[in-house]
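Please open the structure in your viewer, with the sequence panel alongside, and keep a selection tool at hand. The tour goes from one selection to the next and says what is found at each stop.

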Amino acid sequence: MTLYRSTTRRGLLDFHAGEAVPEIDFDVPRYMREMAEAGMQTLTFMTKDAFGTSYYNTRIGHKNSKLRTDLLAEAVREAGKYGIKLIAYYNVGLNSYVANANPDYRQRDKDGAPVTNAFGYYDLLCLNSPYRDYVAAQLTEIAQGYEVDGFFFDITYVWPSSCHCEYCRKWYVEKYGQTPPPQPQPGSPELRRWQQFQKEIRADFLRFITRRVKSVAPGLQIGWNHAGDLAFAHVEPDAYADYLTSEFHPPIYLYGSLLAKWKRTTGKPFELMMPSEMGSWGEWTLAPAATLKTAAAIAVAGGGSISFGHVPIPSGALKGALPPPVVAAIKEANEFVLEREEWLLHAESVPDVAVLYGVENRRMIESTSLPNHVDDAMGGANRMLIEGNIHFDVISGGNLPKLAGSYSMLVLPDQAYMSPDVENAVRDYVRDGGLLIASHRTSLYGEDGVRKANFGLADVFGVDFDDTSRYSVAYLADFAGEHFPDVPDMPVLLKGVNAPVLRVRPAAETRVLSAFMEPAMESKTYRHVYHQHAHPAIRTNDPAITIHRFGKGACVYIAAPIEASFWKTGSPWLRRLYLDCYKLLRPKPLLEVEAPIGIEVNLMRQGTRWIIHLVQVREEKAAGSKTFIEEIWPLYNIKVKIRKKPERVYLAPQLQPVPFDEEEDGISFVVSEVGLHAMVVLEGC
């Protein structure tokens, strides 16, 4: 994994030209020269595209008939002139050439119909069919015939309705002693088994193919798209990857931040891979240079690297090369990274606050009819903490027992199902002095999706489950004012999530910080007030927010899906409530940053050197459309306090000393200006 730990500037040649174009013209010497000038250290270079055509002289597959040369051989030769490392891109699942010749290799739905319109256009093959041997043979051919440094596999997916091909049906019978269910019902053991089977198809293929490639060339670096991706909840095959990769599509900037915070806790190097085009692959129009630089800043400040996807124009009036503005924009972003590289390489996150992402919880929710707002809850927690200028990591339940003790605070955003081992790890963590924020259904459900009689962590929360609300909206009210100075003294609406708030009973020693108010009525077409939902009208004694001391630690419990509601509504009052809960538990955090809500904070370390990253991250929409960052407006006088006493403090890469004031337990200073990204380096921590 040395290659991926020692480089930060990467590119992806996303060259799916197919054979429908009249010609393919690609000036490889010019391309490699421009990529070298743009600062590329590694390039993921096309070997087989989504149509099934190969870009090298294959004896096994079908070479693209419009190619006049061996494109891969040219690329290896030209990349070597500039010291650029080549990763061979191979599209696994999409292959019309093989699908047409071998219809039994296609993925099929419950009715036996083949998947012929994957992503709108493509034929999708089954990873469990003998097609895997075709893939292995081509990869062996490339590994033995070309001096590549690794492989990147794309489209290693099982379609949601698949796979019911003859090979999968046979394997299912061998594993489970019964034929695969055509339409398993939510909440049933059949659906859980079927979803597990779908994951095993992919995991088995990735295990098979990495072992096959490593047996030929052990030193090759191997990774695949969506390795280490939260949305996949498929962590098992990631054990075979040498590096982790996920797509990162600005202007969804906050998801890139979330991915970085998750991937960096795995111990593996990672990259975020974004198209240099406007939002997605193959749009043929450049995104603004400031957008590319912002994506790069998010990736590298989060502990990873950035990979810019791009594609030369293969035919027509502009054929043969990348448009010069694309090269210029990539170069500008890579120069930005290069200037900071000394403080990026081999950096790791300083453990402080951890958000738990439960893969098991996601799988339970997806196999039932329970309201599914897993992504909204994670997105909301991520956004609120970023907008609160809080440094944090995202960790898995599997890693919690060994990592929890390193963190001062743990956040559980509506983790409905937690295994007994994870529950015990949380309990031990708080008992030993850890601080906890938990919300809504956390620990209330079993692995089968059935609600338990009480929270698994009721003793930690200091509340017992009683019932669910019968209303679709709720109001948080009656705040303990001294603890919520940033919230107006009136009921605060919580809506937008198809899951009711919970009614809970507090223990005698639990303090209630807020209670729910119910609306005057549940609005219907025949019974309503105004044209949305009814006003707050009925005071209850049902706790909305509580605090409970448990052992040496403490827990704030919020009986509502506050993170998901914030993600849906953007309510600033929900964010302020959440952050006030954080401050209540942790009045003296390791790091305090007073900055506008658009500043993301990451605290990284290289040995005894600590680096505070301040990145301007904005998630914006205009009239429902995507928006792109075109200009970076500077922010001034960012106040920072850290409870460490370093030997010296300076701004990088400027090497400009930062004056600071010594305090009893640390130092404080002001960063006079932050453009897109500022790094404050603390030497001798």
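What follows is a walk through a predicted model, beginning with the whole chain and going on to individual strands, loops and residues.

**The whole chain**

Begin with everything shown as a cartoon, in which 17 helices and 33 strands can be picked out. If you draw the principal axes, the C-alpha trace spans about 80 × 70 × 50 Å along them. The radius of gyration is 26 Å, which agrees with the value near 26 Å that a compact globule of 685 residues would have. Colouring by relative accessibility will show that 61% of the 685 residues are buried, while the exposed surface amounts to about 26400 Å², of which carbon and sulfur atoms supply 50%. Among the contacts with a separation of 6 or more, 75% are between residues 24 or more positions apart. For the charges, the mean position of the 72 positive ones and that of the 82 negative ones are 2 Å apart.

**Strands S20, S21 and S22**

Next, select residues 511–519 and 536–550, which are strands S20 and S21, and follow the seven bridges over which they pair in the antiparallel sense. Pro519 is found here opposite Pro536 of S21. Extend the selection to S22, residues 553–558, which pairs with S21 over six bridges, again in the antiparallel sense. One place to label is His548, whose bridge partner in S22 is Cys555. Two residues lie between the strands in the hairpin of S21 and S22, and there Gly551 takes a positive phi near 60 degrees.

**Helix H16 and its cover**

From S22, move to helix H16, residues 562–569, and show the side chains of its buried residues, which are Ile562, Glu563, Ala564, Ser565 and Phe566. Which elements are found over them? The cover includes helices H12 (374–387) and H17 (572–585), together with strands S14 (409–412), S15 (435–439), S18 (492–494) and S22. Just after H16, stop at Gly570, where phi is positive at about 70 degrees.

**Strands S11, S24 and S25**

Now select strand S24, residues 599–606, in which seven of the eight residues are buried. S24 pairs with S11 in the antiparallel sense over two bridges, and in one such pair Glu348 has Arg605 of S24 as its bridge partner. S24 also pairs with strand S25, residues 609–616, in the antiparallel sense over eight bridges; there, the partner of Asn602 is His613 in S25. The hairpin of S24 and S25 has two residues between the strands, and Gly607 takes a positive phi near 65 degrees in it.

**Two histidines with positive phi**

Select His346, in the loop between helix H10 (324–340) and strand S11 (348–349). Its phi is near 60 degrees, a positive value in a residue other than glycine. Then select His226, in the loop between strands S7 (221–224) and S8 (244–247), where phi is near 70 degrees, likewise positive in a residue that is not glycine. Is each of these residues buried or exposed? His346 is exposed, with a relative accessible area of 58%, whereas His226 is buried, with a relative accessible area of 15%.

**Two cis peptide bonds**

Go next to the peptide bond from Ser162 to Cys163, which is cis with omega near 10 degrees; Cys163 belongs to the loop between strand S6 (150–154) and helix H6 (166–176). A cis bond is also present from Ala652 to Pro653, with omega near 5 degrees, and Pro653 lies in the loop between strands S29 (648–652) and S30 (656–657).

**Gln41 and Asp421**

Select Gln41 in the loop between helix H2 (28–37) and strand S2 (42–48). Because its relative accessibility is 16%, below the 20% cut-off, Gln41 counts as buried. If residues up to four places away in sequence are set aside, Gln41 touches Ser6, Thr7, Thr8, Arg9, Gly83, Ile84, Lys85 and Glu341.

For the last stop, choose Asp421 in helix H14, residues 420–431, which counts as exposed at 58% relative accessibility. A distance drawn from Asp421 to Phe669, C-alpha to C-alpha, comes to 42 Å, for two residues that are 248 apart in sequence.

Note on methods: Residues are numbered from 1 along each chain as its sequence is written. Side-chain values use heavy atoms; hydrogens and water are left out. Helices (H or I, at least four residues) and strands (E, at least two) are DSSP runs, numbered from the N terminus. The radius of gyration is taken over C-alpha atoms; the globule rule is 2.2 Å times the number of residues to the power 0.38. Buried means under 20% relative accessible area, exposed over 50%, partly exposed in between (1.4 Å probe, protein chains only). Contact means heavy atoms within 4.5 Å. Accessible areas come from the Shrake-Rupley method with a 1.4 Å probe; for residues, only the protein chains shown count as cover. Lys and Arg count as positive and Asp and Glu as negative; His and the chain ends are not counted. The place of a charge is taken as NZ of Lys, CZ of Arg, CG of Asp or CD of Glu. Two strands pair if DSSP finds at least two bridges between them.
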